[in-house]
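Here is a short tour of a protein model for anyone who likes to look at helices and the residues around them. Please keep the sequence and the 3D view open as you read.

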Amino acid sequence: MQHNDFLRNVAIIAHVDHGKTTLVDALFRQSGVFRADQRVDDRIMDTMDLERERGITIAAKNCAVTWKGIKINIIDTPGHADFGGEVERSLSMATGAILLVDASEGPLPQTRFVLRKTLEAGLPVLVVINKIDRKDARPDEVLNEVYDLFIDLGADEQQLEFPVLYAIGRAGVAMNSPDDPQKDLTPLFEAIVGKIPGPAHDPEQPFQMLVADLDYSDYLGRLAVGRIMHGGVCAKDALVCMGSDGEPKPLRVTKLQVYNGMRLTEVEEAGPGDIVVLAGIEDVTIGDTVCTRENPRALPRIRVDEPTVAMRFGINTSPLAGREGKIVQSRAIWERLNRESLRNVAIRVEESADKEAFLVKGRGEFQMAILIETMRREGYELSVGRPEVILKKDGKGATLEPVEHLYVDCDEVFMGVVTDKLAQRKGRMLNCVNSGTGRVRLEFSVPSRGLIGYRDEFLTDTKGTGIMNSWLEGYEVWRGDFPTRFSGSIVADRPGAAVAYALFNLEPRGTLFMEPGDPVYEGMIVGEHNRDNDIDVNATKEKKLTNLRAAGKDENVILTPARKMNLEHALHFVREDELVEVTPKSIRLRKAELSAQKRYQAAGARRKS
């Protein structure tokens, strides 16, 4: 095997909010990608609107910089556990990884996940302890925690000899020691070139490329992105694509592009190890192999972890359907979900048994919420159910459920309420560390279904100061049932528009989600009941007018501000018999069965059985 010493393919991996995208900004600025007087926004790799709004990376992206004649392909990966599939496919293009760790927080759950995948792929790792300018930075302790994590994940002696750098990504500086002068990112560039080898390839092998990402162009059609494993490719080459069925499908490269900064540059040929974008392939999926017609051999496909959460997606069947969305058909929703599963290897789409909805499986409810939010911004109108965990059976027939290893960082005064709430959700405390600073770090083993909807409750209990993160530990025996919600729903019993007089008289019953003038229909959830049962109410009731006049009879009605549900809160709130109605303009909650009479009859039948 030979190495292409003029190339480096590096994936930047870390826990969410540890500074990956900010560091990539600094690499761009100091490698000469931008002019000295060019105005550039922060977090330029976060190109999606949702990424900029939420301040996180959702999809992995490619870019390239050049330093002293060596091209460095950089893959910016997500840091949230729900988007782990993006990390897994991205690592197939990399020949090394930069592990970013916060100098204060240290290794967190997603740090463990991405590092485990990197070590399994056999990639060399360069550790960068970032944000050492924080007042609470503890770089020496964090470095020891990183060593412990490597050992815990079974790293061999060679992998344990990782180089360490210290950085302030926001300032664009890196040092070999925390006491070194803070100049620029030259030490990081030197470490990438010196410690991470160029892509290995066999000069005797013909062209092979593993498709790791897909894109689409209005002018070129489907685009396949991947790293050339062996050989080279030229524009207009006649090749074949090997899919999961092993059958070669002929294709011709209509355009060949490589990354140059954030942009794509058209080239006539590309060599081994480079990350290229091929146009001219219509029927291609992630994991396929593009190779020569004379020697069609498929590479091992990209393998990702199994999904753990499923949700039902269906058409909007409420009386308000079709008023706000442009795309409402079942076929259009099915096609959109299938397109998503082609680009996101962690998502799977299946038809449900009743053929009225589709079952979408993924890594977590946050990943599902991002997919739904993306679809509603595209003009889709749909209804979705509560996220449910995917169960398994062992050899003895026992039911197994996914279990998460949960890390909680909160003030001491909130330790009791957090422990109590997690115990109710079948959580078990594994560790408690009190560093004497007023905050404690707790570790729990909790069923994944126990964490669905808990994050909002956790933030309320800790007054917004708590931090919680988790990673999938595996499957364990079912730990038993527990209540997911201690309150019921206030359900409208007739259509119309909400009236202030009716809402004022409903306020003692619970928390309302409606404002005067909002449309309602039978079966729509207009509030949260104080008790654990559902009640049907008339939210359109108006005050009866009489010809009697008396002081105090016509006082002004002042309502408590309604609790407006966003998408994630709505997904966490609904029960098994409830749905979230999603349109481009509104988020509404409803019963799956709208008719109050049919719900009453079904409840009676359940009691008899």
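Does isoleucine 452 count as buried or exposed? At 5% relative accessibility, isoleucine 452 counts as buried, where buried means under 20% relative accessible area, exposed over 50% and partly exposed in between, with a 1.4 Å probe and protein chains only.

A word on the basis of this report. The model is predicted, so local features need pLDDT of at least 70 and side-chain atom pairs count only at pLDDT 80 or more, while totals for chains, interfaces and linings use all residues. Residues are numbered from 1 along each chain as its sequence is written, and side-chain values use heavy atoms, with hydrogens and water left out.

**Around isoleucine 452**

Isoleucine 452 sits in the loop between helix H11 (448-451) and H12. Helices (H or I, at least four residues) and strands (E, at least two) are DSSP runs, numbered from the N terminus. Not counting residues up to four places away in sequence, isoleucine 452 touches Glu365, Arg386, Pro387, Val389 and Arg425; contact means heavy atoms within 4.5 Å. Isoleucine 452 and glutamate 388 are 64 residues apart in sequence, and their C-alpha atoms are 8.4 Å apart in space.

**Two helix pairs**

H12 (residues 454-461) also packs with helix H10 (residues 415-424), at an angle of about 160 degrees and with axes 10 Å apart. That makes H10 roughly antiparallel to H12. Axes here are lines fitted to C-alpha atoms, for helices over the stretch in contact, and angles run from 0 to 180 degrees between N-to-C directions. Angles under 35 degrees count as roughly parallel, over 145 as roughly antiparallel, 65 to 115 as roughly perpendicular and the rest as oblique. The crossing of H10 and H12 is right-handed, a term that applies if the near helix is turned clockwise from the far one by less than a right angle, with left-handed for anticlockwise. On the H10 side, the contact is made by Val417, Val418, Lys421 and Leu422, and on the H12 side by Tyr454, Glu457, Phe458 and Asp461. These residues divide into 5 nonpolar, no polar and 3 charged. In this grouping Ala, Val, Leu, Ile, Met, Phe, Trp, Tyr, Cys and Pro are nonpolar, Asp, Glu, Lys and Arg are charged, and the others, Gly among them, are polar.

The second pair is helix H8 (residues 330-343) with helix H9 (residues 365-377), which pack at an angle of about 130 degrees with their axes 12 Å apart. H8 and H9 are therefore oblique to each other, and H8 passes H9 in a right-handed crossing. H8 brings Ile333, Arg336, Leu337 and Glu340 to the contact, and H9 brings Leu371, Thr374 and Met375. Sorted by type, the residues of this contact are 4 nonpolar, 1 polar and 2 charged. A general point helps when you look at such lists: an α-helix has 3.6 residues a turn, so residues three or four places apart point the same way.

**How covered are H9 and H4?**

H9 is mostly covered, as 12 of its 13 residues are buried. Among them are Glu365, Phe366, Leu371 and Met375. At 1.5 Å a residue, H9 should span 18 Å, and its end C-alpha atoms are 18 Å apart, which agrees; the expected span is 1.5 Å times one less than the number of residues. After H9 comes glycine 379, with a positive phi near 100 degrees.

Helix H4 (residues 109-120) should span 16 Å, and its end C-alpha atoms are 17 Å apart, which agrees. Of its 12 residues, 10 are buried, so H4 is largely enclosed by the rest of the structure. The buried residues of H4 include Pro109, Phe113 and Leu119. Glycine 122 follows H4, and its phi is positive, near 75 degrees.

**Two lysines with positive phi**

Neither of these residues is a glycine, yet each has a positive phi.

| Residue | Phi | Loop | Relative accessibility |
|---|---|---|---|
| Lysine 131 | about 60 degrees | between strand S6 (125-130) and helix H5 (139-152) | 21%, partly exposed |
| Lysine 463 | about 55 degrees | between H12 and strand S29 (467-477) | 67%, exposed |

**One strand residue**

Valine 173 is found in strand S8 (residues 173-175) and is buried, with a relative accessible area of 5%. Leaving aside neighbours within four places in sequence, valine 173 has contacts that include Tyr166, Ile168 and Leu185.
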